[in-house]
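Please open the structure in your viewer and keep the sequence panel beside it. The tour below suggests what to select at each stop and describes what is there.

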Amino acid sequence: MKKPFRSISLFLLFITSFCKSGFGQQPATTTDSPEGVYQYRKAAYDGIGKTYLGREISQVMGHLGAAWLERPEREQEERTDLLLDALNLKPTDVVADVGAGTGYFTFLMAPKVPKGKILAVDIENEMINDLNSAKNKRGITNVEPVLGTITDPKLPANGIDMALMIDAYHEFSHPREMMTSIVRALKPGGRVVLVEYRAEDPNVPIKPHHKMSIAQATKEMKAVGLRLKSVYTKLPQQHVMIFQK
């Protein structure tokens, strides 16, 4: 199912306007650890000038993009129903939705884990407020909003069965630190699931820095001790990459 180009065009215009305003953009002059994993260069149009394992990190869109995350056509465009099935959630799973935003997918997952819970992680207070409001309005008790930082999602060690990142990982300004923390939070056999627009497909009308290839994602996950287990390819324009320790 093709994503309507009108919606994609609006998205590109939308994300460009926020990125140009500097909203959500992390400065590329930070002193990073572990040492040597980041390099710096002149920023591309949709990048921040900071590279990790050969990939320039993209600019980000934050809470001012909440309306885009909740657009009515999202289910049809992204086939979120197929993604939900592909995750194979168990009733007792504890899932970290890292970069949860408004909780669009958090609240789709919550009924699938009635004896578990969803840790909805975001770094913006505005998003955490939205998550708490939505949780209370819906009367959902197994969603726990978590305020993280750009280097630490604040997850419990050995406490999660799965970490899910939907169109979020490529925007992390400190991917090594974030993934090190996420790996530490995984239970034995736990999974990391990256959902990203396919960089291998030139027909996916998303700006290059907001896509990821399987090869690049695999290289970055390998750096923190994860191996590629499988790839789900039935979504219209994204691939679902599943990694394990």
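Begin by selecting Val98, which stands opposite Val121 in strand β5; helices (H or I, at least four residues) and strands (E, at least two) are DSSP runs, numbered from the N terminus. Before going further, note that this is a predicted model, in which local features need pLDDT of at least 70 and side-chain atom pairs count only at pLDDT 80 or more, while totals for chains, interfaces and linings use all residues. Residues are numbered from 1 along each chain as its sequence is written, and side-chain values use heavy atoms, with hydrogens and water left out.

**The strand β4 and its partners**

Now extend the selection to strand β4, residues 94–98. Because 5 of its 5 residues are buried, β4 is largely enclosed by the rest of the structure, where buried means under 20% relative accessible area, exposed over 50%, and partly exposed in between (1.4 Å probe, protein chains only). Colour Val94, Ala96 and Val98 on one side and Val95 and Asp97 on the other, and you will see that both faces of β4 are covered by the structure, since each of these residues is buried because it falls under the 20% limit.

Strands of a sheet pair through backbone hydrogen bonds, either parallel or antiparallel. Two strands are said to pair here if DSSP finds at least two bridges between them. Add strand β5 (residues 117–122), which pairs with β4 in the parallel sense over 5 bridges. Then add strand β7 (residues 160–166), which runs parallel to β4 and is joined to it by 3 bridges; the bridge partner of Ala96 in β7 is Ala163.

**A loop residue beside these strands**

Select Leu155, which lies in the loop between β6 (143–147) and β7. At 15% relative accessibility, Leu155 counts as buried. Leaving aside neighbours within four places in sequence, Leu155 is in contact (heavy atoms within 4.5 Å) with Ala96, Leu119, Val121, Ile160, Ile182 and Ala185. If you draw a distance between the C-alpha atoms of Leu155 and Leu119, which are 36 residues apart along the chain, the separation is 8.2 Å.

**The sheet β1-β2-β3 and helix α7**

Move next to an open sheet of 3 strands, with the order β1-β2-β3 and antiparallel pairing. Its edge strands are β1 (38–40) and β3, each of which pairs on one side only. Neighbouring strands of this sheet are turned by 40° against each other on average, direction ignored; axes are lines fitted to C-alpha atoms, for helices over the stretch in contact, and angles run from 0 to 180 degrees between N-to-C directions. Between β2 and β3 there are 3 bridges in the antiparallel sense, and the bridge partner of Thr51 in β3 is Glu56. Helix α7 packs on this sheet, touching β1, β2 and β3, and its direction makes about 160° with that of β1.

How many of the 11 residues of helix α7 (residues 175–185) are buried? The number is 9, so α7 is largely enclosed by the rest of the structure; among the buried residues are Arg176, Glu177 and Met178.

**Helix α8**

Select helix α8 (residues 214–222) and highlight its buried residues, Gln216, Ala217, Glu220 and Met221. They cover an arc of only 130° around the axis, which puts them on the same side of α8; the arc is that of the directions from the helix axis to the C-beta atoms. The face turned away from this buried side carries the exposed residues Ala215 and Lys222.

**Two aromatic pairs**

Rings of Phe, Tyr and Trp (its six-membered ring) pair if their centres lie within 6.5 Å, and planes under 30 degrees apart count as stacked, over 60 as edge-to-face and the rest as tilted. By this rule the count comes to 2 aromatic pairs. Tyr38 and Tyr52 form a tilted pair, 5.5 Å centre to centre and with 50° between the planes. Tyr38 lies in strand β1 and Tyr52 in strand β2, so the pair ties together parts that are 14 residues apart in sequence. Tyr169 and Phe172 form an edge-to-face pair, 5.5 Å centre to centre and with 70° between the planes.

**A last look at confidence**

Finally, colour the model by pLDDT, the predictor's confidence in each residue, from 0 to 100. The protein averages a pLDDT of 85, and 79% of the residues score at least 70, whereas pLDDT stays under 50 over residues 1–32.
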